Every structure is written in structure tokens, then in C-alpha cells.
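Please open the structure in your viewer and keep the sequence panel beside it, so that each selection can be followed in both places. The tour goes from one stop to the next, with a short description at each.

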Amino acid sequence: MRRIKLIVAYDGTNYCGWQVQPNGNSVQAELERHLSDLLKEEIRITGASRTDAGVHALGNVAVFDTNARMPAEKVSFALNTRLPADIRIQDSCEVPMSFHPRFANTVKTYEYKIFNSRFPDPTKRLYSFFYYYPLDVEKMKEAAAYLVGEHDFKSFCTAKPEVENTVRTVYSLEICKEEKLITIRIRGNGFLYNMVRIIAGTLIRVGGGGMEPQEVKHILEARNRELAGDTARPEGLTLVKIEYV
């Protein structure tokens, strides 16, 4: 038995998320179906990040176990000939059987993109969140600074988190604007369910004038989801990469 690691990129528009769901097609289901067909055995995938419906990835990580003899580095090429065009394997390699993509120490990088314009751009509608009102990027940067470091992010996750420990470390949170596109780039040792999208929604509220930057510090300390901004829409979010440290 061998364990193979995949780096997976996908456009999440047409999927109900990463994880297998009873009510729609998922990225995991596509990978398992085509790997099983390729390797002539039943394959089950374990992913590092279970992205939501509509969320994209450039570097999600997954592993599977197999008895097949196909060289690990060839799996990516063979699998890409079978997968739909919106899923592509970026790399494949053999790893120790003890390697688990979710339980190892990682640094994850996400980007959230906002198209800030008077009118939408139809070519960007699947990969950014359209926001009509002007956003003050400098105020967003000021607010973002309060979120860097080790904090209890209970205010920035779903009201009933799946885990008891809601302390996470954000290593960097950068915001840049190129013409009409604002990019929020965040790196951390892990993220709670909907954490990045709630942070994005909160920063959008600050940028739009609905909240002062310094209020973010109070929101963190309050550990109350109701005080933070809305959960921003999924299409603006991309899992850029996962680094194992």
C-alpha cells in the first residue's frame, strides 16, 4: 500500500464544495470517481481543506492510498486527461503513510477579491465579489492590522463552531488595490469555518464606512459573531496554497 499526495486546483463555480455531498457534485467526488477508474480499484480521498460551494483553489492538498503500481509522479498527468476542465492536478508524489493533510502543521494562504466599481464586469463575476459603493482601502488596512497575531477568532467564525478551540494565528493580512480590483491576502496556521469570508465581510463594512477600523479590536475581544460583518460571498475566495512546516 502506498500513499499519494495531490496538489489540486479547481474552479469551484459548478461544485457544491470540496466534500462529497448527497445533493450535488463535489470536487472530491470527481477525483474519487476518476482515480478509481484510472487505477482499477476503489479510491477514497482525504483533503486538507474542505472548501465551500463556489470557492476556488490553486493549491488544495489531498491524499489517497493505493496498491496500484503507477509511478506517483505519473498520476497527475494520467488523471488530468480524465478530469473535467475545471479541475487540474498540479503535482503528485508519494508520501509516508503517516502523512495526513489535515493534521500536520501548515501555513495556509487565502485571497479574497472584491471588484469595486459602479457597474459589474461579467468576466469577473465568478472570481470576485462585486461591490458598488466606494471602499476606503486605507481604512481596511488599518482594521486588518488588529487581526494579525494570535487571537481568539470566535467572533469571526460560524455561530456554532465545529471545534472547541477558536484560537488561531494570522501571520499576515495584506490588502492591495489594482485599478478596480481589491485583493485581501491572508496567511495563517489555520482558519475556522467561514473565518476568511467573515473577515472579508467585516473589512468591507469598514471600507464602506459602516464601521470604524478600531472597532475590529473590540469585536475580537467580545468573542461574539453578531458583532462582526456579514459572511462575504464565496465566489471571491480562493485557497492559494498550503505549506507544510
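Does Asp121 count as buried, partly exposed or exposed, and what is its relative accessibility? Keep in mind while looking that this is a predicted model. Select Asp121 and show its surface: its relative accessibility is 21%, and because the partly exposed class begins at 20%, Asp121 counts as partly exposed.

**Salt bridges**

Add Lys124 to the selection, and you will find its side chain meeting that of Asp121 in a salt bridge, with 3.1 Å from N to O. Lys124 is also partly exposed, its relative accessible area being 30%.

Move next to Arg233 and Glu235, whose side chains meet in another salt bridge, with an N to O distance of 2.7 Å. The two partners fall into separate classes here, since Arg233 is partly exposed with a relative accessible area of 47%, whereas Glu235 is buried with a relative accessible area of 14%.

Now select Glu42 together with Arg44, which form a salt bridge whose closest N and O atoms are 2.6 Å apart. Glu42 is exposed, with a relative accessible area of 61%. If you then add Glu32, you have the three residues Glu32, Glu42 and Arg44 that are linked in a network of salt bridges. Across the whole structure, a search finds 15 salt bridges.

**Helices α1 and α2**

Select residues 27-39, which are helix α1, and residues 72-80, which are helix α2; their axes come within 10 Å and cross at roughly 110°. That angle makes α1 roughly perpendicular to α2. To see where the helices meet, show the side chains of Leu31, His34, Leu35 and Leu38 in α1, and those of Val75, Ala78 and Leu79 in α2. Sorted by class, this contact has 6 nonpolar residues and 1 polar residue, with no charged residues.

**Strand β4 and Cys93**

From here, go to strand β4, residues 87-95, and pick out Cys93 within the strand. Although Cys93 and Ala72 are 21 residues apart in sequence, their C-alpha atoms are 4.9 Å apart in space. Leaving aside residues up to four places away in sequence, Cys93 touches Arg3, Ile4, Lys5 and Ala72. Its relative accessible area is 25%, so Cys93 is partly exposed.

**Helices α3 and α4**

Select residues 137-145 for helix α3 and residues 195-207 for helix α4, which pack with their axes 8 Å apart and at an angle of about 135°. The two helices are therefore oblique to each other, and the crossing of α3 and α4 is right-handed. The contact is made by Lys139, Met140, Ala143 and Ala144 on the α3 side, and by Leu203, Ile204, Val206 and Gly207 on the α4 side. By class, the contact of α3 with α4 has 6 nonpolar, 1 polar and 1 charged residues.

**Strand β8 and Thr169**

For the last stop, find strand β8, residues 167-178, and select Thr169 in the strand. Which residues does Thr169 touch, if those up to four places away in sequence are not counted? Display Gly149, Glu150, Arg187, Gly188 and Asn189, for these are the residues that Thr169 touches. With a relative accessibility of 15%, Thr169 counts as buried.

Technical notes: Residues numbered from 1 in each chain as written. Predicted model: local features only at pLDDT ≥ 70, side-chain atom pairs only at ≥ 80, totals over all residues. Heavy atoms only, no water. Axes fitted to C-alpha atoms, helices over the stretch in contact; angles between N-to-C directions. Helix = DSSP H or I, 4+ residues; strand = E, 2+ residues; numbered from the N terminus. Parallel < 35°, antiparallel > 145°, perpendicular 65-115°, else oblique. Left-handed = near helix turned anticlockwise from the far one by under 90°. Contact = heavy atoms within 4.5 Å. Nonpolar A, V, L, I, M, F, W, Y, C, P; charged D, E, K, R; others polar. Buried < 20%, exposed > 50% of the residue type's maximum accessible area, 1.4 Å probe, protein only. Salt bridge = Lys/Arg side-chain N within 4 Å of Asp/Glu carboxyl O.
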